[in-house]
Amino acid sequence: MRPRSRSTARLALPALLAALLALGLVLSSCEADEPDEAGPDEAGPEEAEADPDEADDPDEAEGPDDAEATAESPTITVYSGRSEELVGPILEGYAAETGVDVEVRYGDSTEMAATILEEGQNSPADLFFGQDAGALGALKGEGRLQDLPEATLDSVDERFADPDGQWVGTSGRARVIAYNTDAVDEGDLPETILDVTDPEWEGRVGWAPTNGSFQAHVTGMRVELGDDVVEEWVAGLDEVGVAYENNTAIVEALGRGEVDVGVTNHYYLYRFLEEDPGFPVENAFFTGEDIGNLVNIAGVGVLDTAEDPEAVFDLVDYLLTEDAQAYFADEVFEFPLVPGVPGEPRLPDIEEIETPDVDLSDLEDLQGTVELLQRAGALP
Amino acid sequence: MRAGTETPPASATPVPPMPAARRRRSGRPPFHLVLPALIAAGAAALPLGYLVVRAAEAPERALDLLWSSSTAEVLANTGVLVALVVAGSLLVGVPMAWLTTSTDLPGRRTWALLGALPLVIPSYVAAYAYIGALGPGGAVESTLGITLPSIYGLGGATLVLVLVSYPYVLLTVRGALVGLDPGLEEASRSLGHSAAQTLRRVTLPLLRPAVGAGSLLIALYVLSDFGAVSLLRFDSFTRTIYTSYRAGFDRTGAVVLALLLVAFTVALLVIEARVRGKVAAHRVGTGVRRSRRPIALGRWRWPALAFVVLVVAVSLLLPVGVLVFWLLRGVAAGEPLRLAAETWVAAWNSVRASALAAAVAAALALPVGVLSVRYRSRATVALERATYLGYALPGIVIALALVFVGARFAGPLYQSLAMLVAAYVVLFLPQAVGAVRASVLQVPPSVEEAAQGLGEPGWRVLFRVTTPLVRPGLLAGGALVFLTAMKELPATLLLGPTGDRTLATAIWNATSEAFFARAAAPALVLVLISGIPMAILLRRRHGLGA
């Protein structure tokens, strides 16, 4: 009985699978055509449930061609390790002003960098927008970035650009000690970052050993203080400190009084204050020229695979215009890096932060930092 | 079955399945089942190939890591967490399933829906919510003035993971209970067993495949979860893998750990395959299955209701309440509500990709399920088990594996909707396979044989006889895939069409930068939208039994 059916079966299922595949192609080509603003009405649910028959329609099955067509119009693909909440408006602003189609993929900074590395030379990315100098350094280290124009690099203080000219900072962020104002007086805060491991802070200090900003900070401390001092400090912090997943979790815990102080980036606090003006946390800097006040950057690098580097350089320059810098200051609560742009009123000027002169391009040895953190028992 | 060795009476009384009913077809399984099953298993095993290629690049380092003591510790941690979460989920999920299908619990259909919804809350959102509510100085402590045990570590991670994953057991066991032939239990009662004995000796053994399938989904989910373990600070495999990726781009370290995770998964798959046994739950005699009569709870009615209310309150109302609180607090402080058009575009993007993934996963699960039940052999069971490989790996590993393959070989399909759907299928296929397989077990092979005997070719039997009969499993499996794809993050971020927002990415974009109020609206929309297919699904299932 069954043998009779064999030949039909051989035809039927491959045909069905081909139809499914074609359906996928059709849908993905619709995808490529749709501008971002496409609403539910433009592609109704009927389309998703489309009958496989539709896939046979020659007009519909031109997916790949359409996709190539869009690649020819000016499109810049940005892989952003910075959240859409932070940089979405500024990138949309550039697109609106210039008519260039800016497509952005958002994700975690290191995951985006890892993605570019896995994609290799087939990467569609033109620009990488990194959360810190470390991720940019990792791409540079793999030879995936290209030189930026001199004029671009010159618009920021040389501290905030790669000495080899392959990435440039777009905004600054400072490491601070944040504290719960109900639990601690500003005067009682530890004076230097090395003091946060004092026994008096046992169980009261929050930190984030797995977090990229923290690790970049530790790298900076190693450059300034040497590995032995830093390893002892990390081991001490591992003993007295309470480890959180990220800066957000530290600041959230500070608000509840779960810990009294925390080493974190300066700007998270202002987001909490925006949603809850009574949030009982403030930021403070360590006393004097302390490495605890390290200033890092968020910045961009142009990929070696960029199809039209000149167009991408133009976007980079836009991020360094006065308007864009003012946006980072007012909306993201970060430090503008272009001289002359006023910062957030609640924050000091970036030049006023007392910090040792650490070259950000020296912060590339993340691997060494991770190994140090592992030796000190802070990472598994 | 133990209950079923008596000679069946001549009337239409239901007959319990007998050993003979387990018979499987002899001979080689047909091509129209093998090909799609091979495609499914191959896709799921693809990331494994990538891991091997990567690990082979740095063999010494791979071996070092393998034998390090911290790796052993992480392994032990993960094992304990998996065991506790599975046990906790069974304690919550099985009674929930039984109460909402088999008894006269007031409002049981509503409770089933509400009880299943925690599945759609992303674990990192749930973790933030539970820390805010139950953490030190959180809402519960500050309003009640009591000190709770620490939410961090093993205890908290277990609690949060049980609360977001017990719906897997609820749904699979519910499906099995609805499809259960009441004749089996009635036969047991008529043969002199008490209600309790019947539950123990007939009902529970019949539920074994469903309990096993649900437990396996939970165990693998726990292996792959990152959100809860990271925020609750418990060093499981996934947290360590992410840490390796994020810290210093240590891809080799991450890959070695992921390979260990695969080994762990294979062990779980083998165990579950043994535990589920060879139960056949279909009838072999004449007559047609009736729906079961609800069991009167009597004086247990109110305690049972209290239990169900408590579970729903803690697992659903609490996190949703926290979301509403974030939303209101943000709006009060002048934040935009974010129910603007972009949230609905994100919702549409989420629904479209998830629905396609659900359809493809269900379509692939059918041949896999039929093969592993009807043509049971080492090879077909291995094929079925292979589809589980993608599910236990952390999303970031699968996503990067598909980035590696996709960027090289997929051409224009890379980072298209089709690619994203494929990623979802690789990740979540076993959810559909488990549900479909459980359904196939309830279909008597005699029905298919009769159709073949009447001259229908095999593939037509599959479409015209088997498919309608296993529709509950296809729907349940598809719904599970849909719901988990809705909240999936790493693959969505890396493989979705560039520039497309989904609800999950919108929530992540906001919470990762501490904009909780902005995360609240898309998170609530996610819960609401996911409620719709769940409601339809539960209604249908109910109708099936009615």
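Domain bounds here come from an automatic or database domain assignment. On that basis, chain A splits into domain 1 (13-40 + 68-171 + 297-342) and domain 2 (173-294). Keep in mind that this is a predicted model. Chain A mixes 14 helices with 10 strands, while chain B has 24 helices and 0 strands.

**The two chains at a glance**

- Chain A runs to 380 residues, and 52% of them are buried.
- Chain B has 546 residues, of which 59% count as buried.
- Take the contacts in chain A between residues at least 6 apart in sequence: 76% of them join residues at least 24 apart.
- Do the same for chain B, with a separation of 6 or more, and residues 24 or more positions apart account for 84% of the contacts.

**Where the domains of chain A meet**

- Domain 1 of chain A, made of 13-40 + 68-171 + 297-342, meets domain 2, which covers 173-294. Domain 1 puts 11 residues into the contact and domain 2 puts in 6 residues.
- On the domain 1 side, the elements giving two or more residues are α5 (109-119) and α6 (133-141) of chain A.
- That side of domain 1 is a mixed bag by class, with 5 nonpolar, 4 polar and 2 charged residues.

**Spots to look at in chain A**

- Helix α11 of chain A (residues 268-275) has Y268(A), L269(A), R271(A), F272(A) and E275(A) buried. These residues sit on the same side of α11(A), because they cover an arc of only 160 degrees around the axis.
- As background, an α-helix has 3.6 residues a turn, so residues three or four places apart point the same way.
- L91(A) belongs to helix α4 (residues 84-98) of chain A. L91(A) is buried, since there are 23 other C-beta atoms within 10 Å and the cut-off for buried is 20 or more.
- Setting aside neighbours within four places in sequence, L91(A) is in contact with V78(A), V102(A) and V104(A).
- L91(A) and L319(A) are 228 residues apart in sequence, yet their C-alpha atoms are 8.5 Å apart in space.
- F333(A) is in the loop between α13 (322-331) and β10 (335-336) of chain A. F333(A) has a phi near 65 degrees, which is a positive value in a residue other than glycine.
- For context, most residues other than glycine have a negative phi.
- F333(A) is also buried, with 23 other C-beta atoms within 10 Å.

**Helices of chain B**

- Helix α5 (residues 123-134) and helix α13 (residues 301-332) of chain B have axes that come within 9 Å and cross at roughly 85 degrees. α5(B) and α13(B) are therefore roughly perpendicular to each other.
- On the α5(B) side, the contact uses V125(B), A126(B), A129(B), G132(B) and A133(B), and on the α13(B) side L318(B), P319(B), V322(B) and L323(B).
- By class, this α5(B)–α13(B) contact has 8 nonpolar residues, 1 polar residue and no charged ones.
- Helix α23 of chain B (residues 503-511) has 9 of its 9 residues buried, so α23(B) is largely enclosed by the rest of the structure. Among the buried residues of α23(B) are W508(B), N509(B) and T511(B).
- L356(B), in helix α14 (residues 341-374) of chain B, is buried, with 25 other C-beta atoms within 10 Å.
- Along the chain, L356(B) and V421(B) are 65 residues apart, but 6.6 Å separates their C-alpha atoms.

**Loops of chain B**

- Q415(B) lies in the loop between α17 (395-409) and α18 (417-441) of chain B. Its phi is positive, about 60 degrees, although Q415(B) is not a glycine.
- Q415(B) is buried, with 26 other C-beta atoms within 10 Å.
- G137(B) sits in the loop between α5 and α6 (139-144) of chain B. G137(B) counts as partly exposed, with 17 C-beta neighbours inside 10 Å.
- Leaving out neighbours within four places in sequence, G137(B) is in contact with R256(A), G257(A) and E258(A) of chain A and with S142(B) of chain B.
- G137(B) and A116(B) are 21 residues apart along the chain, and their C-alpha atoms are separated by 30 Å.

Note on methods
Residues are numbered from 1 along each chain as its sequence is written. Chains are lettered from A and ligands numbered from 1 in the order in which they are written. This is a predicted model: local features need pLDDT of at least 70, side-chain atom pairs count only at pLDDT 80 or more; totals for chains, interfaces and linings use all residues. Axes are lines fitted to C-alpha atoms, for helices over the stretch in contact, and angles run from 0 to 180 degrees between N-to-C directions. Helices (H or I, at least four residues) and strands (E, at least two) are DSSP runs, numbered from the N terminus. Angles under 35 degrees count as roughly parallel, over 145 as roughly antiparallel, 65 to 115 as roughly perpendicular and the rest as oblique. Two residues are in contact if their C-beta atoms, placed from the backbone, lie within 7 Å. Ala, Val, Leu, Ile, Met, Phe, Trp, Tyr, Cys and Pro count as nonpolar, Asp, Glu, Lys and Arg as charged, and the others, Gly among them, as polar. A residue is buried if 20 or more other C-beta atoms lie within 10 Å of its own, exposed if 12 or fewer, and partly exposed in between; C-beta atoms are placed from the backbone. The arc is that of the directions from the helix axis to the C-beta atoms.
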